[in-house]
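Colleague: Could you take a close look at one part of this model for me? I'd like to hear about the aromatic rings and how they pair up.

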Amino acid sequence: MNTSYLSSAIKQFEYYKSLGDKTISQLTFEELKKEFATDSNSISIIVKHIVGNMLSRWTNFLTEDGEKTWRQRDEEFLDTFTTKQDLIDAWNKGWDCLFDAIKPLSENDMHQIIYIRNQGHTVTEAINRQMMHYAYHTGQIVFIGKLIKGANWASLSIPKGKSKDYNKNKFSKDKAKRHFTDDL
């Protein structure tokens, strides 16, 4: 089995989830609902969209089209969360659906053709497609969170002015095969 690809993909998804988790934890419910302009998306709306996408794409994804008939995509852009915990529960439900779908995969599954809106993808292509989609939106979540918090933002990567310290720490370790998220 191409465990290297699949384990790397799972780690990447876990990394994007952690970025969202760390951003959401820094914000109040009111901040999660903040829209910067008319028709822009708040973090709350982006979360709702990602969750809707995940539930549609990963539920029975080997046997059913990834765009489910029960999905109401346009409603994903209406902010309906009533508490921060509701938002977090939905966020986790979406990620659980994804991980429950991909963690049991085997090499035999990776070349299987699955469909999203009747467009055929290998499982590998579908994983890549969704990973990039979630990375795109997670980047939006982090950016909005950083805008909201300003100087009170707790950096999720190498803080400005700390690259030399970070690199010194990395280069002080022996060379070894590891995923970049192993030290996070």
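Modeller: Here is a walk through the ring pairs, followed by a helix contact. Keep in mind that this is a predicted model. There are 7 aromatic pairs in the structure. Take Phe 13 and Trp 95: their ring centres sit 6.4 Å apart with 65° between the planes, which makes the pair edge-to-face. Phe 13 belongs to helix 1 (residues 3-26) and Trp 95 to helix 4 (residues 84-102), so this pair ties together parts 82 residues apart in sequence. Both ends are out of reach of solvent by the numbers: Phe 13 is buried at 0% relative accessible area, and Trp 95 is buried at 0% as well.

Trp 95 has another partner, Phe 99, and here the centres are 5.9 Å apart with the planes at 25°, so this pair is stacked. These two are 4 residues apart in helix 4, so about one helical turn separates them. Phe 99 is buried, just as Trp 95 is. Step back and ring pairs join Phe 13, Trp 91, Trp 95, Phe 99 and Tyr 134 into a cluster.

Tyr 134 leads us on to helix 6, where it is one of the residues meeting helix 3. The axes of helix 3 (residues 43-58) and helix 6 (residues 123-149) come within 10 Å and cross at roughly 165°, so helix 3 runs roughly antiparallel to helix 6. Their crossing is left-handed. On the helix 3 side the contact includes Ile 46, Ile 50 and Trp 58, while helix 6 brings, among others, His 133 and Ile 141. By class, that contact has 11 nonpolar, 7 polar and 2 charged residues.

Technical notes:
Residues numbered from 1 in each chain as written. Predicted model: local features only at pLDDT ≥ 70, side-chain atom pairs only at ≥ 80, totals over all residues. Heavy atoms only, no water. Axes fitted to C-alpha atoms, helices over the stretch in contact; angles between N-to-C directions. Parallel < 35°, antiparallel > 145°, perpendicular 65-115°, else oblique. Left-handed = near helix turned anticlockwise from the far one by under 90°. Contact = heavy atoms within 4.5 Å. Nonpolar A, V, L, I, M, F, W, Y, C, P; charged D, E, K, R; others polar. Phe/Tyr/Trp six-rings, centres within 6.5 Å; stacked < 30°, edge-to-face > 60°. Buried < 20%, exposed > 50% of the residue type's maximum accessible area, 1.4 Å probe, protein only.
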